[in-house]
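Student: Please choose one part of this model and take me through it closely. I would like to know how it is built and what it touches.

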Amino acid sequence: MATEQPTATVPGDQTRIHNIGYRSYDGPRLGRAYARRSLYSQSLRGAYGLGRSAKSKVLPMLLFVVMCLPAAIMVAVAVATKANDLPLDYTRYAIVLQAVISLYVASQAPQSVSRDLRFKTVPLYFSRPIETADYVRAKYAALASALFILTAAPLVVLYVGALLAKLDFADQTKGFAQGLVSVALLSLLFAGLGLVVASVTPRRGFGIAAVIAVLTITYGAVSTLQAIADVQGSSGAVAWIGLFSPVTLIDGVQSAFLGATSAFPGGVGPSNGEGAVYVLVTLGLIAGAYGLLVRRYKKVGL
């Protein structure tokens with residue numbers, strides 16, 4: 001009985017070409033502006049854990065509540081006691097709670113940039129129409145906006161509560177506007193410094209520690225030196241020492257030009273001339289932070 005011999009197969013016989021439906025994109029090209037807006041909105045949402053896991057929402061939302069809770073308590077006390085003024089000025093609120101703000105920056109600045117560095121996704125951004133400056137602007141604006149929300153929300157609570165308590169409308173509106181200017185400047189400065197420090201390392205833990213050191217340790221060191229100078233009678237040096245900490249920089253600017261009460265020893269802030277130096281240093285740090293970030297990401301994107 002004859003058996004059927006298997007036929008030899010040629011490797012090429014198994015080759016198939018499948019049409020899986022790939023087509024070229026013929027829709028609208030939205031360009032750099034749309035990509036920049038998308039990166040900004042996603043980074044801003046990420047700063048509060050939106051669109052991320054529940055665990056990622058815990059710390060930013062908790063810090064937001066911690067920022068607003070004292071304002072709500074102050075309003076309740078003012079309404080209940082029928083006080084003639086709020087217990088704390090609008091411009092002083094962020095300075096008093098600067099530790100909470102520093103912790104927020106330390107937790108969210110590395111989240112914004114360190115992961116892109118760690119997983120080497122930065123060159124992927126620059127393979128599209130987006131450029132280095134677009135990436136930096138979007139990240140900077142997103143963190144600054146998140147900080148402004150964090151610091152302005154309790155001021156809104158104070159202002160609404162003051163109006164409900166029937167405090168003087170003109171005084172409260174003026175103080176509220178001054179407070180908004182102060183926290184806007186603080187948000188720009190802290191966001192810039194936080195992003196610069198966080199962009200140095202792809203490790204989020206190292207970034208958190210470094211940001212805390214820059215924002216918190218400098219404030220403690222400067223405050224100590226100011227107290228020593230004041231005790232030794234060198235009151236003229238107090239204002240110049242304040243140039244070396246982000247917190248005291250904001251304190252000096254608002255006490256010189258926004259009518260705020262200074263937290264410097266003796267309660268005496270910088271004069272108008274010294275305040276002008278504070279403004280120049282603050283703006284210089286903001287511009288310098290942006291420039292350093294652009295140069296940093298040009299090297300990363302190569």
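Tutor: Tyr 135 is buried, with a relative accessible area of 0% (buried is under 20%, exposed over 50%, partly exposed in between, with a 1.4 Å probe and protein chains only). The model is predicted, so local features need pLDDT of at least 70 and side-chain atom pairs pLDDT 80 or more, while totals for chains, interfaces and linings use all residues. Residues are numbered from 1 along each chain as its sequence is written, and side-chain values use heavy atoms, without hydrogens and water.

The part to look at is helix H6, where Tyr 135 lies. H6 covers residues 132-164, which makes 33 residues (helices are DSSP runs of H or I with at least four residues, strands runs of E with at least two, numbered from the N terminus). At 1.5 Å a residue, H6 should span 48 Å (1.5 Å times one less than the number of residues). The C-alpha atoms at the two ends of H6 are 47 Å apart, which agrees with that expected span.

H6 also has a kink of about 30° at Ala 152 (the angle between axes fitted to the seven residues ending there and the seven starting there). The proline Pro 154 follows shortly after Ala 152. Just after the helix, Lys 166 takes a positive phi of about 60°.

Next come the aromatic contacts. The structure holds five aromatic pairs (rings of Phe, Tyr and Trp, its six-membered ring, with centres within 6.5 Å; planes under 30 degrees apart are stacked, over 60 edge-to-face, the rest tilted). One of these is away from H6: Tyr 90 and Phe 176 have ring centres 6.1 Å apart and planes at 65°, so this pair is edge-to-face. Tyr 90 belongs to helix H3 (residues 90-96) and Phe 176 to helix H7 (residues 169-198), so that this pair links distant parts of the chain, 86 residues apart. Tyr 90 and Phe 176 are both buried.

What is the arrangement of the rings of Tyr 135 and Tyr 297? Their centres are 4.9 Å apart and their planes stand at 50°, so the pair is tilted. Tyr 135 of H6 and Tyr 297 of helix H11 (residues 272-300) are 162 residues apart, and the pair links these distant parts of the chain. Tyr 297 counts as buried at 2% relative accessibility. Elsewhere, Tyr 48, Phe 64 and Tyr 104 form one aromatic cluster.

Charged side chains come next. A search of the whole structure finds five salt bridges (a side-chain nitrogen of Lys or Arg within 4 Å of a carboxyl oxygen of Asp or Glu). One of them joins Arg 32 and Glu 131, whose closest N and O atoms are 3.8 Å apart. Arg 32 is in helix H1 (residues 31-46) and Glu 131 is in the loop between helix H5 (122-126) and H6, so the bridge ties together parts that are 99 residues apart in sequence. Both ends reach the surface in part: Arg 32 is partly exposed at 33% relative accessible area, and Glu 131 is partly exposed at 42%.

Inside H6, Asp 134 forms a salt bridge with Arg 36, with the closest N and O atoms 2.7 Å apart. Since Asp 134 lies in H6 and Arg 36 in H1, the pair ties together parts 98 residues apart in sequence. The two partners differ in exposure: Asp 134 is buried, with a relative accessible area of 0%, whereas Arg 36 is partly exposed, with 27%. Arg 32, Arg 36, Glu 131, Asp 134 and Arg 137 are linked in a network of salt bridges.

A further salt bridge of H6 runs between Lys 139 and Asp 116, at 3.7 Å from N to O. Here Lys 139 in H6 meets Asp 116 in helix H4 (residues 98-118), and the pair, 23 residues apart, links distant parts of the chain. Both Asp 116 and Lys 139 are buried.

To put H6 together again: Asp 134 pairs with Arg 36, Tyr 135 with Tyr 297 and Lys 139 with Asp 116, while the kink lies at Ala 152.
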